[in-house]
Amino acid sequence: MGLLTMNKLTGAVGAEVTGVDPDRLATDELLGEAVLEALEDNGVLVFPDLNVDPETQVAFCRRLGGIDHSSDGHHPIAGIYPVTLDKSKNSSAAYLLATFDWHIDGCTPTRDECPQKATALSALHVADEGGDTEFANSYAAYEALDDTEKRRLGSLRVVHSLEASQRRVHPDPSPEELARWRARPVHEHPLVWTHRSGRRSLVLGASADHVVGMDLEEGRALLADLLDRATEPELVYRHRWSVGDMVIWDNRGVLHRAAPYAPDSPRLMLRTTVLGDEPIR
Ligand code: OGA
Ligand code: MN
C-alpha cells in the first residue's frame, strides 16, 4: 500500500484522499512526493473536510514546488489568493468571472513562464447555488482522438490570449479594460502538449483564440468541437464543495471551470498555486 489512501472518484479523473489531516500535511516529509505522484495519476485530489489553515496550506504546497507569489497582496498571507466574485474581498474579482469557462491556468503568462504545476483551493465559504468546480482529463481528451486526428492535430498551433478568455465573459469592454487585457502578451502553443513523461494532452480552453494558419471561423469551430468532446460528462469530475474541503489539481493534465454562482455569493476559496517547470511543447 502506498503512503496515501485513495478512492477514484470517476473512471477518468479525480481521487479522494482520506486519512490526511493538517498536522500530517505540515509535518510528513514524504507526503509531497506522494501527492505529486498521485496528481500525475489522477489529475485531481480531493481532501474532504480537511479544514487546513492558510499557513499550513502554503507550507504544504511548498513541498510540491515553488509557490507562485505573482497574485500576492489580496490576502494577508503570502501565497494565498482569495477566489471570490466579491470585490470587497478581492479587488481583482472581475477577472474571475472567466473561471466559469473551461480553461487551463497559466496559458497567457505575463512573460514566458511555464503553466502552473498545481493549484490548491480550500473552501472557506460555499455558494448556496452553483459554484461546483468541474475537472476534465486533458490526457484522456487526446487519447480519445482517432489516429488520423492525432496526426492532423499534432502539427497545429494555437494562439492564446487573456483577451480571448475575458471577452467571453465581458463582451463589451471599456477601452481601458481592453488596453489592460492587451498589455498581456499573446502566446502561441501547440494544440498537443508532449509532456516530459511522454504523455500527450490537448491544450484547450477559454484562452485559446484561434488556430495558426487556419481560417478564423474554421479554427474556432475546431477548438469548440475539441473542447466539447474533451468535457463530455464521462470525462469530468464535478466537485460539490463543503466548507473545509481542499482540492488540488494537476494543471498540466486537466481542464477546469467553476459552475456559475451569483456575484454577491459568499463563496470564498483560498488558492495557492505551485509554479510549473514544464513548458508547453
Ligand atoms: C482558479 C479557478 C475555479 C473555482 O482559481 O484558477 O479556476 O471553482 N477556480 O473557483
Ligand atoms: Mn483556473
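Biologist: Which residues does the UniProt annotation "domain: TauD/TfdA-like" cover?

Modeller: This is a predicted model, and the domain name is taken from an unreviewed UniProt entry rather than computed from the atoms. Over that stretch the chain is 27% helix and 24% strand, and its end C-alpha atoms are 24 Å apart. The annotation covers residues 7–273.

Biologist: Where does ligand 1 sit, and how many residues of each class does the shell around it have?

Modeller: The residues around ligand 1 include V83 and L121, together with D105, R267 and R271. Ligand 1 sits in the largest pocket. By class, the shell around ligand 1 has three nonpolar, four polar and three charged residues.

Biologist: How far from an oxygen atom of ligand 1 does a polar side-chain atom of T133 lie?

Modeller: A polar contact here is a pair of N or O atoms within 3.5 Å, and several side chains can be set against that cut-off. For H256, a polar side-chain atom lies 3.0 Å from an oxygen atom of the ligand, while for R271 an N or O atom of the side chain is 2.8 Å from a ligand oxygen. For T133, the distance is 2.6 Å.

Biologist: What percentage of the accessible area that ligand 1 has on its own does the protein cover?

Modeller: On its own, ligand 1 has 290 Å² of accessible area. Of this area, the protein covers 99%.

Methods:
Residues numbered from 1 in each chain as written. Chains lettered and ligands numbered in written order. Predicted model: local features only at pLDDT ≥ 70, side-chain atom pairs only at ≥ 80, totals over all residues. Heavy atoms only, no water. Near = heavy atom within 4 Å. Polar contact = N/O pair within 3.5 Å; in protein donor to acceptor, adjacent residues only side chain to side chain. Areas by Shrake-Rupley, 256 points an atom, 1.4 Å probe, with all protein chains shown as cover. 1 Å grid on protein atoms, 1.4 Å probe; cavity = no way out; pocket = protein on both sides within 12 Å on 5 of 7 lines; lining within 4 Å. Sits in = over half its atoms within 2 Å of the grid points. Nonpolar A, V, L, I, M, F, W, Y, C, P; charged D, E, K, R; others polar. UniProt positions renumbered as here; feature names shortened; annotations may be inferred. Helix = DSSP H or I, 4+ residues; strand = E, 2+ residues; numbered from the N terminus.
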